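Got the viewer open? Here's a short walk through the model, one selection at a time.

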Amino acid sequence: MEKGSITVFLSLVLVLVLSFIFALLEGARVFYLKGKAEIVTDLCLQSMFGNYHEGVWQDYHLLFIDGTWGRDEFSKEVFAFRAMDEIEANMSRSNGQVGSPSWDLTKLQASEFEMSGYELAADDGGEVFQSQVARQMKMEAAVDALDEILSLQELKQDTEDKKQDAEEKWSKAWNALEQAQEEQEQETEGNSVDDEKQETEGNNVDDKKQEQSGHKEISESLENPMEYVKQLRRNAVLGLVVKDAAGLSEKTIKSMIPLKDRKLSSGSLKTERENAVSGRLWLQYFIQNYFSNYLAESKKGPSEKILNYEMEYMIGGKLSDRENLEMVVYELLGIREALNFTTIMGDAAKKTLALEIATAAVGFTGILPLIKAVQIGILLSWAFVESVLDIRSLLEGKKVPFLKRTDQWASDLSDSRGTIESGQMSDNDGEGMDYTQYLQLMLLLLSSETINYRCMDLIGQNEQVDMEHMIYAAEGTVYYQASPLFWSLIMVKRQEIKDYSFSVRNIMAYGK
């Protein structure tokens, strides 16, 4: 057998080759360490977002994490603690013993999880909440689901303009009537003095007094409804339109500070959101499907609700069903009055009758603009009486046209009080919009922020969570470290490497 030998040169070459191989292995290991860290970070956030609130998902099909974790306050620390648990669980499955199926040469360790950013449902006036609602409704709804709401959207501006115009005209009419009444009182006092003087001197009553007497006779035969309608406006309007006030829901939210009245905390993250216009329309669709009202029980949502009249809460913002229904009726009266006023202004016979009553009431002033203003007030009063009949019909499940025709008019100006007290309703042969559609129109008149917050108020109360602290998106930064493995086997090196340290940042959001 021949003896083998190795030269010094060959030994040096072998050392260099082995060092190069170990350096390549260490470099590959470092590359793998970073890749594994990214995967573990992603798995961690996915696992965390699997902790969505079950009640909110089951009842409303919305995904949020309860950032309070069942406690009283929002806590980033609990999120980080739970995230570290998820990381360690994932790492333990990969970092096994040598020779085991899960043995991993990376030996990667996570040292810290930092919640570096988050986005909450109530951020930016509830835009985050609205955006997720829109995404969910797109998956649930039929293609033509928004057709009805789009048609109501087209009526929104017209309704606002007519309502504002009617309010301004009523104010001017009432001021005109008060001005005329003051002049009449002053003239009456002056006539009393003149009468005494004329009686002393043996003179007859002047022609002006006789003219005033004639006006009184006319005004007695034709009632001016403005005083009566003003009294109705001041009183509780619910009793005017509901048949059985005793049967109304008495549900009340015992204690709640609405989101709109709070100084809300906000996240530091902003993800891509749904277009604000389409988002608002989808929100309206969501409300109609998941929330109840005076006439419609919701087919979706929780079976037990904190309030029965939920759509009315979104309009009224009060803490009891009765108060919210009263607010809705009051607002609805204003809308119907403005729309009915548009109809009555196109009826020459009704305008003539109103002018006769106005002339009888304030014609003694001889001021034509004042007479015209009172005429408008009388027409508005008549429109209000008609509106009472309309809302009675709506609350009985019937329909009322957005703009009535003159032949659909139901009230009688000659006896406004009798019309109201009779319990009469308007009858439109099934034409027009129903109560829920009018609620949708009223919701469109409110800001998106108001509706977003009030939706979240009800969801929070029904699910016993605080929607202010519901997490929609989160940004996590995980800090990792690992010890060198092959570097210690390299014989040609300038310095030792103690540990590798690096971080991985990732963003997770629902619907992304």
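Start by selecting residues 368-395, which make up helix α13. This is a predicted model, so a quick sanity check on the helix is a fair first stop. At 1.5 Å a residue, its 28 residues should span 40 Å, and the end C-alpha atoms are 41 Å apart, which agrees.

Now switch on the surface around the helix. Of the 28 residues of α13, 25 are buried, so the helix is largely enclosed by the rest of the structure. Step just past the end of α13 to Gly-397, where phi turns positive, at about 90 degrees.

Next, the aromatics. There are 18 aromatic pairs in the structure. Pick Tyr-52 and Trp-57 among them: with ring centres 6.4 Å apart and planes at 65 degrees, over the 60 needed, the pair counts as edge-to-face. Both are partly exposed: Tyr-52 has a relative accessible area of 31%, and Trp-57 has 29%.

Then go back to α13 and select Trp-382 together with Trp-409. They're also an edge-to-face pair, 6.2 Å centre to centre with 90 degrees between the planes. Trp-382 belongs to α13, while Trp-409 lies in the loop between α13 and α14, so click along the 27 residues that separate them. Are these two buried or exposed? Both Trp-382 and Trp-409 are buried.

For a bigger group, select Tyr-60, Phe-129, Phe-286, Tyr-290 and Phe-291: ring pairs join them into a cluster.

Last stop: Trp-170 and Arg-233. The charged end of Arg-233 sits over the Trp-170 ring, 4.3 Å from its centre.

Key
Residues numbered from 1 in each chain as written. Predicted model: local features only at pLDDT ≥ 70, side-chain atom pairs only at ≥ 80, totals over all residues. Heavy atoms only, no water. Helix = DSSP H or I, 4+ residues; strand = E, 2+ residues; numbered from the N terminus. Expected span 1.5 Å × (residues − 1). Buried < 20%, exposed > 50% of the residue type's maximum accessible area, 1.4 Å probe, protein only. Phe/Tyr/Trp six-rings, centres within 6.5 Å; stacked < 30°, edge-to-face > 60°. Lys NZ or Arg CZ within 6 Å of the ring centre and 35° of its normal.
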